[in-house]
Structure formats: structure tokens, C-alpha cells
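Colleague: I have a few questions about the terms you use for this model. Could you bring it up so that we can talk them through?

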Amino acid sequence: MKRMTTREAFAGYIFASPWILGFAIFLAYPLLASMYFSLCDYSVLKAPVFVGIDNYKLLMGDDLFWTALKNTLLYAVLALPASMATGIILAMLLNAKVKGMAVYRTFFFIPSLVPQVSLAILWRWVLDGEHGVLNPVLKNFGITGPNWLNDPVWSKPSLVLMAMWGVGNAMLIYLAGLQDVPTQLIEAADLDGANSWQKTRNVTIPMISPVILFNLIMGIIGTLQVFTVPYIMFPNGAPAHSTYFYTEYLYDNAFRYHKMGYASAMGWIMFLMILGLTFFSLRMSEKHVHYQGS
Amino acid sequence: MKSHQSAITTQKIVVQVLLVAFSILFLFPFAWLLLTALKPIKETMSMPIKWIPSKFLWSNFKDAAIYGHESLGYYPFLVYAMNTIVLCALIVCGTVASNAVVAYSFARLRWPGRDLAFGVTIATMMVPFPVLMVPTFALFRHLEWIGTYRPLWVPAWFGSAFSIFLLRQFFRTIPFELTEAAKIDGASEWRIFRTIVLPLSKASLAVVALFAFMGAWNDFLGPLIYLLDQKTFTLSLGLQFYQSQNGGTSWNLLMAASAMVIAPVIILFFFTQRLFIQGIAITGLKG
């Protein structure tokens, strides 16, 4: 390797300059500005007025804030494990070397291509209490389906169902991970007389643990920001605010009530939550994640 | 040995059965969408459910495309579709152009602070959009860009962490001997980038273009914040508007419109399947 030359370094900065600018304008500046705005009374129409930590104090006493936060965390606790399990199971089925893998892979992936707005409209129609199709189908199996959209107990499970349906991206990442598991390892376990469950538990899962960690972190970041689907499927967080999520309340504060400082404070709390959960996952994973060759 | 063989066969059968069962579950909502889109309005409401339309009303697609023009004075679906296509084109071009250049710098040029800058770039993927939303809106408002497409496509021309990461991974796999030789011959970095690296990276550039297109086609929150005039709406935003206007009365037209929003993405996927799957797999594995 040649050492760095000034000419090369100069070219390096020039080539990187769009991103250096983009980073400064669309990331670093907004991030710092929202920290400042979060300490201000700010409506965008008038200049911000510094009020210290008032917004944070108000948030702590805001019932709707807690409702939105609880809804979001509860949804994440339900949706993340459900969609991770679905993704891993589908990937393992696809990896089982049966005929038609490419076709099944396409089938499972197609729902992930659907734009979120269409997805929300379609599922509203599937789950609708009066004319929806799911409950009549369930009835054929002797199951009386719940009132998915209008019962506060079932509104979140409806969204979890949809999250499981749209698991295609993560599934492909798991599948790529599974295809990287050395066949010798599985064969060695076979020779030792391990059954399928033991092989999965003791060989496959540890081998794909880095991919699981990756999908977990991406899942946390995405799930905490959930917005479009509930916004369209459940106007104003109906029924009984059971689907009023964090980003929706933040959006409403910013663009409906013009409480931009308040919304910025919410944004920072979310950012800190994501940072905290990511670092927590990374720390917890140290014991459980197995990296090949290290 | 024989029992081992038959155990494997049973296992394969179980897997096949499960795969078929899951396929039905995953495709069922689409079947329902299409069936609804082809029904006369009365049959969408009939109980017990009328599965197969008595007559396949292909004209529903046409009606959905021109729906609402009496009250609005224009064809909303077609206008939204045009808007979306223009916006997608601007975003895709910007994403590919800016990220290719930046990723080249990160992958193949050495400059002080590069590795730190790359680390910071990766870390920015954790920053949620909602925390940036207010100041970004204030910035665009200050520029008097609210109500235009600029807040939606201009940032695409300044790089994004995810695409930089993806392209850098690809660019690094190009043998350095290729570019070193050109360097010794006195070729400029720009020339090496244009004549050696880009032609060898068509597949990876296509992956980035594809993801950018999907992101732009699907985006809802961005247009919701920045677009004000109905005439400028994108399909995602327009479809939602369709829904609230219809109030659930003409589900057949709404489903037909939905199908027309979904179809381009699925068709694109079918033509680019291999690229797509490789691209997604790489994001997880090399991370």
C-alpha cells in the first residue's frame, strides 16, 4: 500500500463533499437545533423563546404522552418477537432444500413490497368488522373472530399480524445468514445423532446470531418509529387511543398544534431511547452472539 | 439407513406442506384485493361473502383512474401518478449520483479522518427521522420550499448513510491493481471513477437505484409534511385522501387504485429479483 498523498487526500475530500455537506445540513444541524428547540417555546411562526426544561417537565405530566409511549413499547414488545420468529421460521423452511424455493421466496417477499399506505388500506378491508373477509374465513374453522379494528384489545394485535406479514426483508437477511452456515457443522451434529431441534438450537441459531442481532436492532429502530400504517388504519389512534403511537403524537404536536419545541423534546427522548436500547442490545449480545472466525 | 432415509422424506413433506400453507396465508390478502377490485360495488358488501364477482368489471380500474374528476376538475389518480414518477426520478438520480461519488471516496481514496467519518456515517443510521423533523421543516420553511417538491428530493442529492455503506462494500471488492495501474499512467481520480469503477459496478448501482425508487414510491410522511396542494400530491398521499373521501363506500374502486399503486413495484421486483435479494442480503451480512 502506498502512503496517503496530499493529492489523493484532496480528491478524497472533494468526492466526499456532497455527504459532508448533507451530513452538516440535514443531520448534524437538525439534531443540534432540535436539542435547542426542545428547550424553547417554538411555533415555527415566531422565533424560539428559551424556556429551559419546561417542555420535558410538561411531558412528564402529559397523560397522552405516556399513553403514546406505552402503546409504542407494548406494540414493540409484541411485534418484534413475533416478526423475528416468523422471519426465522420462514427462512429455515426456505433453506430446507426442497423444490420451488425461489417461488416460495417470492411469495413470502411480495408483501414487503407493498407501499405502507396500500398495506393499511388493504388490511382495513380484510379486517373490517362488517364486510371484512378474515372473520368469515375464521368462522369456517369454528373460530369467532374478534372485532379487530374497533376493540382496543385487538387493535394492536391487528398491527402485529400485519408486521408478521411484512417480514420479507428480515427473512431474506436470515436466509442469507443460513446459507452461510458451513454444512460440515450440520453434518458433524448429524453424526453425533442430534435431532432437528438440537441442531437448530445448538448449531444454526448460534451461527446466525450476528444476523439476528442486526435484525433486532433494525427492528427496534423501525418499530419505535411506527407511523404510517396506524395513522391510516386507525384515524386519531382509535379505538380508545389504543393505536395512538409515539411518532403520531409527535407529528400532531408539531404540525397540528404547532408545538414545535414540545415535539422536539419528544424527538430527543425517542432518540435517546433508541440509543439506549441499541447499546443495551449490543451489550447483552456479547455473551450470546457468535462471530465466525473470531 | 433406511429409516434415516424415510425420516428425511417425511421431513421434506412436512416442509413442503408448511411452505404451501404459508404461501396461501401470504398471498390471500392480494387475492382478496384483486377480487374486490373486479367486483360491482353491491357485491363488495354482500353477506355471506361473494367470493367470485358475478362479472369481472375491468372497467373499475379505469373508473378508479379517473375517479373524482367531476368535483376536482382533473384526474387525481393520473395526476398523482405523474407527480410520483417525476419525484421518484429526481430522487433516484440524486441518490445514485451522490452516493456513488461519496462511496468512491470512502472505499478507494485515503484521507485523514476517513475511518472516523465512516464510523460516524454508519452511526447516523440510528438517528430517527422524527428527531430531525422539526428543524428540517423550519429550514425548508425559511427557504420558502414548503408546498414544493424540493424538500423531498434535494436532500437525496447529498448522500445517505445506507447507500454510502452499500456502495462502499461493493467498490472495495474491485481489485486495487486495476486502479493503481491507471494511477501510475497519470489518470485523475475522476477518470478512474468514471472509466473503471463505475462500469464495473452497474449491478450495485442498480441495487441502490432500486432501493431509492422503492423508498420514494412508498414515502408517506415526507409528502404529508411538505405537500399542501392536492394537485401536487403523490400516490401514497393521494390514496389516503381517496380513502378518507370515499369513507369506505366504494371499496372496489379503492382496491383497484391500490392495485395500481402496488403493481409497478411488484413488476419491477420481478424483473430485478436477483439484484434485489443480493442487495438485501448484503445489508445484513456485511454489517
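Modeller: What follows is a short conversation about a predicted model, with the reasoning behind each term.

Colleague: Glad to have it. How do you know that Val51(A) is partly exposed, and where is Val51(A) placed?

Modeller: Val51(A) sits in the loop between strand 2 (49-50) and helix 2 (54-60) of chain A. A residue needs 20 or more C-beta neighbours within 10 Å to be buried, and 12 or fewer to be exposed. Val51(A) has 15 inside 10 Å, so Val51(A) counts as partly exposed.

Colleague: Which residues does Val51(A) touch, leaving aside those up to four places away in sequence?

Modeller: They are Leu39(A), Cys40(A) and Asp41(A). As for Ser38(A), its C-alpha lies 9.0 Å from that of Val51(A), with the two positions 13 residues apart in sequence.

Colleague: On to the helices. What makes helix 9 of chain A and helix 10 of chain A parallel or antiparallel?

Modeller: The axes of helix 9 (residues 183-191) and helix 10 (residues 196-207) of chain A cross at roughly 165° and come within 11 Å. Angles over 145 degrees count as roughly antiparallel, so helix 9 of chain A is roughly antiparallel to helix 10 of chain A. Their crossing is right-handed.

Colleague: Which residues make that contact?

Modeller: Helix 9 of chain A supplies Leu185(A), Ile186(A) and Ala189(A), while helix 10 of chain A supplies Lys199(A), Val203(A) and Met207(A). By type, that contact of helix 9 with helix 10 of chain A has five nonpolar residues, no polar ones and one charged.

Colleague: And why are helix 3 of chain A and helix 7 of chain A called roughly parallel?

Modeller: Helix 3 (residues 63-94) and helix 7 (residues 152-165) of chain A pack at about 30°, and their axes are 9 Å apart. The cut-off for roughly parallel is an angle under 35 degrees, so helix 3 and helix 7 of chain A are roughly parallel to each other. Helix 3 of chain A passes helix 7 of chain A in a right-handed crossing. Among the residues in contact are Leu74(A), Tyr75(A) and Leu78(A) of helix 3 of chain A, and Leu159(A) and Val160(A) of helix 7 of chain A. The contact of helix 3 with helix 7 of chain A divides into nine nonpolar residues, two polar and one charged.

Colleague: Now the two chains together. What is the make-up of the side of chain A that touches chain B?

Modeller: There, 75 residues of chain A are in contact with 74 residues of chain B. Helix 1 (residues 6-37) of chain A gives the largest share of chain A's side, with 20 residues. The residues on that side of chain A comprise 57 nonpolar, 16 polar and two charged.

Colleague: How does the radius of gyration of chain B stand against that of a compact globule?

Modeller: For 287 residues, a compact globule would come to near 19 Å, and chain B has 24 Å. Along the principal axes, the C-alpha atoms of chain B fill a box of roughly 75 × 75 × 35 Å. Buried residues make up 39% of the 287 in chain B.

Colleague: Last one: which helices and strands do the chains have?

Modeller: Chain A has 14 helices and two strands, and chain B has 16 helices and zero strands. In chain A, 40% of the 294 residues count as buried.

Key: Residues numbered from 1 in each chain as written. Chains lettered and ligands numbered in written order. Predicted model: local features only at pLDDT ≥ 70, side-chain atom pairs only at ≥ 80, totals over all residues. Helix = DSSP H or I, 4+ residues; strand = E, 2+ residues; numbered from the N terminus. Rg over C-alpha atoms; globule rule 2.2 N^0.38 Å. Contact = placed C-beta atoms within 7 Å. Nonpolar A, V, L, I, M, F, W, Y, C, P; charged D, E, K, R; others polar. Axes fitted to C-alpha atoms, helices over the stretch in contact; angles between N-to-C directions. Parallel < 35°, antiparallel > 145°, perpendicular 65-115°, else oblique. Left-handed = near helix turned anticlockwise from the far one by under 90°.
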